[in-house]
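Trainee: Please show me how to read burial, contacts and surface patches in a model like this one.
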Amino acid sequence: MEAETTQYLVLLAVSIGLTFLVGRLLVRAGEPFLLEVFHDQKVTRSVNLLLSVLFHLVTLGVLAIISVADVEGYNALQTFVIKLGVVLLTLGIAYGISMLVLIRVRERRRSDEISEHVQERLADR
């Protein structure tokens with residue numbers, strides 16, 4: 001097997017493995033946020049699964065594009081490290097965006113609950 005093909009396959013394997021690892025972490029970290037928002041375990045699991053699928057599809061799509069991008073290093077190892085760095089940055093950005101979305105959803109829910117509570121108190125007067 002050609003060295004370039006081997007490098008490509010190793011990059012894909014590492015990228016896919018890291019994507020699923022980060023996706024699993026996102027599912028674990030996101031569940032408490034979603035449970036606080038929805039107050040229902042079934043809904044929380046369902047939304048968490050949908051978000052996980054979205055994360056994986058988008059991230060794997062970007063990583064597939066990155067894997068075939070022409071990046072030139074001084075040697076094969078340097079090219080591999082550059083591409084792996086782009087993979088890690090992509091995963092970090094995708095994870096960060098996902099967590100920001102979860103935080104925003106939770107904050108919006110809290111705000112709505114506070115508004116409802118204030119309106120109920122005002123209606124009681």
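Mentor: We will take confidence, then the core, then single residues, then the surface.

Trainee: What kind of model is this, and which residues count?

Mentor: This is a predicted model, in which local features need pLDDT of at least 70, side-chain atom pairs count only at pLDDT 80 or more, and totals for chains, interfaces and linings use all residues. Residues are numbered from 1 along each chain as its sequence is written, and side-chain values use heavy atoms, with hydrogens and water left out.

Trainee: What is the mean pLDDT of the protein chain?

Mentor: pLDDT is the predictor's confidence in each residue, from 0 to 100. Here the chain mean is 85, and 99% of the residues reach 70 or more. By element, helix H2 (residues 41-68) has the highest mean, 87, and H3 the lowest, 84. Helices are DSSP runs of H or I, at least four residues, numbered from the N terminus.

Trainee: Which residues touch the most other members of the largest nonpolar core?

Mentor: A nonpolar core is a set of buried Ala, Val, Leu, Ile, Met, Phe, Trp, Tyr and Cys residues joined through side-chain atoms within 4.5 Å. Buried means under 20% relative accessible area, exposed over 50%, and partly exposed in between, with a 1.4 Å probe and protein chains only. The largest core has 14 residues, and Leu-26, Phe-55, Val-87, Leu-91, Met-99 and Leu-102 touch the most other members. H1, H2 and H3 each supply at least two residues of this core, with the largest share, 6 residues, coming from H3.

Trainee: What does Met-99 touch?

Mentor: Contact means heavy atoms within 4.5 Å. Not counting residues up to four places away in sequence, Met-99 touches Leu-26, Ala-29 and Phe-33.

Trainee: Is Thr-19 buried or exposed?

Mentor: Thr-19, in helix H1 (residues 3-38), counts as buried because its relative accessibility is 0%. Beyond four places in sequence, its contacts are Phe-55, His-56, Thr-59, Leu-60, Leu-63 and Leu-91. Gln-7 also lies in H1 and is buried, at 16%. With the same exclusion of neighbours within four places, Gln-7 is in contact with Ala-76, Thr-79 and Phe-80.

Trainee: Why does Val-105 count as partly exposed?

Mentor: Val-105 lies in helix H3 (residues 76-124) and counts as partly exposed because its relative accessibility is 31%.

Trainee: Which residues form a nonpolar patch with Val-105?

Mentor: Leu-89, Ile-93, Ile-97 and Val-101 form the surface patch with Val-105. Together they have about 450 Å² of accessible area, from the Shrake-Rupley method with a 1.4 Å probe, where only the protein chains shown count as cover for residues. Patches are made of residues with over 30% relative accessible area and no salt bridge (a side-chain nitrogen of Lys or Arg within 4 Å of a carboxyl oxygen of Asp or Glu). Like charges are joined within 9 Å, and nonpolar side chains (Val, Leu, Ile, Met, Phe, Trp, Tyr) within 5 Å.
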